[in-house]
Structures are given as C-alpha cells and as structure tokens.
Amino acid sequence: MSEYIAVEIRRKVRKRFEERCAYCQSRESLSVVTFEVEHIIPVSRGGQAEFENLCLACPSCNRHKSNRVSVLTSSGIETRIFHPQLDVWLDHFDWSINGTIIVGLTDVGTATLELLKMNRPQLVEVRSYWRVLGMHPPN
C-alpha cells in the first residue's frame, strides 16, 4: 500500500518538475497516461512522503526504478541512481544531436539510463515525432 501524499504537496511536486518526468524528461501533456508522484527513496527503504523525497515520474520510469536507489553496474561497482531533487539533470545527462536519445555524462547518469531504460525504442521513436512538432527536447 502506498503512503498518502497530500494534494498540496502533489501540486508542488508537479510544479517543481514542470509536468515532466524527472528522469526521462517526457512531458505529461504529450502522453496518454497520468504521471505519478514517486518516492525517490522508497518508503520500503525509509523514504518519507515529504516534498524533498518526491518527484514526478512517468509510469514506465517509475516501474523500472521500483524500490532501487542504486544499481550494480556491469563492472561490478554499485552506483547510486539520479536523485531528481538533489542532482541537476544536465550534470548527469544530455541529449544526442537529434534530441531523441539521452546520453549519460556520469556514472550516475549511465546507471540511471540503463536501469530505467530511458532510451527504450518506443520512447526514442515518439521523441522524434515530438521533435518534428517543436515540442522536444525540453528547454
């Protein structure tokens, strides 16, 4: 069972993340699903329903993240994943030249990209359509 999050905190989180997924940067308005207020540090790991521990996430990123806060990389090193409230997205990620693929700039960025499957083929394809419409990548 998920922890109750007050309506005012939900509004504040949506505003903070500009109605975009804090991870893959997809805009909710361009999606057919409602984005979720997600616990960055999951309740199962001691996270609280406080603004500083919440972000807006698309259902796909949220499901892939699950209750993880770190991942074991292919080199056998445990690496924390991106923390949307503490980290700056552009410090860890960038867009490919055509703006459809997210590139990891740091170990944290790369680990997060892989875990959340932020460049899954369907999302890369839809980003190309958003780009043609002038709605992607986000500013």
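Arg14, Glu19 and Glu28 are linked in a network of salt bridges, and in this predicted model that network is a good place to begin reading the structure. Arginine 14 takes part in both of the contacts described here: its side chain meets the side chain of glutamate 19 in a salt bridge with an N to O distance of 2.7 Å, and it meets the side chain of glutamate 28 in another, at 2.6 Å from N to O. The pair of arginine 14 and glutamate 28 links distant parts of the chain, since arginine 14 belongs to helix H1 (residues 7-16) while glutamate 28 sits in the loop between H1 and strand S1 (36-39), 14 residues apart. Arginine 14 and glutamate 28 are both buried, whereas glutamate 19 is partly exposed, because its relative accessible area of 34% falls between the limits of 20% for buried and 50% for exposed.

A search of the whole structure finds 7 salt bridges, and one of them joins arginine 80 to aspartate 87, with the closest N and O atoms 2.7 Å apart. The two partners can be compared by their accessible areas: arginine 80 is partly exposed, at a relative accessible area of 39%, while aspartate 87 is buried, at 14%.

From charged side chains we can turn to the aromatic ones, of which the structure holds 4 pairs. In one pair, the rings of tyrosine 23 and phenylalanine 82 have their centres 6.4 Å apart and their planes at 75°, so the pair is edge-to-face. Tyrosine 23 lies in the loop between H1 and S1, and phenylalanine 82 in the loop between strand S4 (78-80) and helix H3 (89-92), so the pair ties together parts of the chain that are 59 residues apart in sequence. Both tyrosine 23 and phenylalanine 82 are buried, and together with Trp89, Phe93 and Trp95 they form one aromatic cluster.

Tyr23 appears again in the largest nonpolar core, which has 33 residues, and where Cys21, Tyr23, Cys24, Cys61, Ile102 and Met118 touch the most other members. Strand S2 (54-57), strand S5 (93-95), helix H4 (107-116) and helix H5 (121-132) each supply at least two residues of this core, and H4 gives the most, with 5 residues. Cysteine 21 can be followed more closely: leaving aside its neighbours within four places in sequence, it is in contact with Ser26, Phe35, Leu56, Ala57, Cys58 and Cys61.

Helix H5, one of the contributors to the core, can be checked for its length and its two sides. At 1.5 Å a residue, the 12 residues of H5 should span 16 Å, and the end C-alpha atoms are 17 Å apart, which agrees. The buried residues of H5 are Leu123, Val124, Arg127 and Trp130, and they cover an arc of only 115° around the axis, which puts them on the same side of the helix. These buried residues pack against S5 and strand S6 (102-104), while Pro121, Gln122 and Val132 are exposed on the other side of H5. After H5 comes glycine 134, whose phi is positive, near 75°.

Definitions and conventions: Residues numbered from 1 in each chain as written. Predicted model: local features only at pLDDT ≥ 70, side-chain atom pairs only at ≥ 80, totals over all residues. Heavy atoms only, no water. Core = buried A, V, L, I, M, F, W, Y, C linked by side-chain atoms within 4.5 Å. Buried < 20%, exposed > 50% of the residue type's maximum accessible area, 1.4 Å probe, protein only. Helix = DSSP H or I, 4+ residues; strand = E, 2+ residues; numbered from the N terminus. Contact = heavy atoms within 4.5 Å. Salt bridge = Lys/Arg side-chain N within 4 Å of Asp/Glu carboxyl O. Expected span 1.5 Å × (residues − 1). Arc of directions from axis to C-beta. Phe/Tyr/Trp six-rings, centres within 6.5 Å; stacked < 30°, edge-to-face > 60°.
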